[in-house]
Structure formats: structure tokens, C-alpha cells
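This report concerns the largest pocket and one helix pair of a predicted model.

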Amino acid sequence: MKLLVSPISPEEAIAAHKGGADIIDVKNPKEGSLGANFPWVIRSVKEAIGSQKPISATIGDFNYKPGTASLAALGAAVAGAHYIKVGLYDIQTEEQALEMLTNITRSVKDLDSSKKVVASGYSDHRRINSISPHLLPAIGAQAGVDVVMVDTGIKDGRSTFEFMTEEELTMFTGAIRDHGLESALAGTLKFEDLPMLRRIRPDIIGVRGMVCGGDRTSVIQEELVAKLKKEM
């Protein structure tokens, strides 16, 4: 498993990098679960770690706006992100998800085919009235994305494991693998979840609060990143 850590500043990015994170993920928690940060923050994070590791950037928890999402995705890619991540927050149908992801993928791949598009569903999709993440492996493969993930849409301390069972998450990651894509799991993960994560075997796990001492509004601690990486 690769470790993705989500800093909100260059200083946090350095701590995540030194702690051993494999992917540095730029987001803005003030704008939601997958809130977008500014292009200059993406650039500054990349410069802070000397471009030594791939940068991921979220472009937002999106409703059905394929054009807006495509422009945002291109902006993140131009700013230096290698992984461009979109949250299908208010997407109601498979047709909407496919149109969103197809156009986002085209906007990124037309710029640089080596960059990766990440389609994120939400484990708590029922309480935010959004599309089931179980539909995304097939849709993502058809749209040409590279990674399918699941996160929590509402950050209230409840974990992905409260909304999806180990069996459901194993089926989810297995379906992603069957479609030839990479899988990622996030959503208030905790150290005690590691044995279950090893059994589920996602390609990537995404964290923030876990390496901030349990409070995602606090600061990333290098020693907690190192501890997590060692225990993984």
C-alpha cells in the first residue's frame, strides 16, 4: 500500500515528505471533504519537497458541472499535480458520473497523458444523496480514469468503516482491480484500522487526521507519518 497524506501548507508537506509519505495530496478542508486549494499552493507544495514525490490535488466536491470540473482539473494539472482528484458529491446517476469523468479525463490527458485522474465516491453516499461508490469501478474504467477511491463526504469524525463493511470494501477494491484500475481508501482512518486495511489491500490509503493526532484541523506531525508508514 502507498501512503497518501493531505497537507494544507508547504510546511505540512515537508513534514509529510520527511515522515515517508508516498504521495503528497493538496486539499482545502475549508471547502469540504475534497475541497480545492489554490494553484499557487499546489506549486508551493511541489517546490517545498523539491518535486521528489508525486503531488495529488483535489478539485472539489462536485455537483453536475462537467465543464467547470474539467477546467478545474486542467488547472490542477497545469499547477503541477500528478494525481487530479474529483469528488462526485452531488452526482445522482451513472450517466452524470460518466459524463463528468470522461470530460475531466480528457482535459487532463490532452495536457499530459502520464497524469492520473482519481474518481472519488463517498462511503456515506446515502446521507449526502450521492451515487453509490460500488458503481464507480465500471464507470471509471469506461471514462478512462486511473484510480477509483472512496472517502467520507461529511467530516464529522465518522469513519468509512462505519458506512461500509470490510466485506463491502473488499468487494469494492476487488472490482476496481478487475477493471485494471488502482484503488484508494480514505475517510477518518485510524491506526487500529491497519489490520483491516491490510486484508482489504487497497493500492493507496489516504489520511490527514490520523497523522495530526486524530484532529484533522490540527497540524501534520512528521513522527506520526513515520509511525504510520512503518506500521503499514
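The pocket is treated before the helix pair.

The model is predicted, with local features requiring pLDDT of at least 70 and side-chain atom pairs pLDDT 80 or more, while totals for chains, interfaces and linings use all residues. Residues are numbered from 1 along each chain as its sequence is written, and side-chain values use heavy atoms, without hydrogens and water.

The largest pocket (an open set of points on a 1 Å grid where a 1.4 Å probe fits, with protein on both sides within 12 Å along at least five of seven lines) holds about 470 Å³ of space. Its lining (residues with an atom within 4 Å of a point) comprises 33 residues, and Thr188, Leu189, Val207, Arg208 and Gly209 are the closest to the pocket centre. The lining divides by class as tabulated.

| Class | Lining of the largest pocket |
|---|---|
| Nonpolar | 15 residues |
| Polar (Gly included) | 9 residues |
| Charged (Asp, Glu, Lys and Arg) | 9 residues |

Strands (DSSP E runs of at least two residues) S2 (23-26), S4 (83-90), S6 (147-151), S7 (182-186) and S8 (204-207) each supply at least two lining residues. S8 gives the largest share, 4 residues.

Helices (DSSP H or I runs of at least four residues) H1 (residues 10-19) and H2 (residues 39-48) pack at about 40 degrees, their axes 9 Å apart. H1 is therefore oblique to H2 (neither under 35, nor over 145, nor 65 to 115 degrees). Pro10, Ala13 and Ile14 of H1 meet Ser44, Val45 and Ala48 of H2, where contact means heavy atoms within 4.5 Å. The residues of this contact are 5 nonpolar, 1 polar and no charged.

How values were computed:
Points joined across faces, edges and corners; volume = space filled by probe spheres on them. Axes fitted to C-alpha atoms, helices over the stretch in contact; angles between N-to-C directions.
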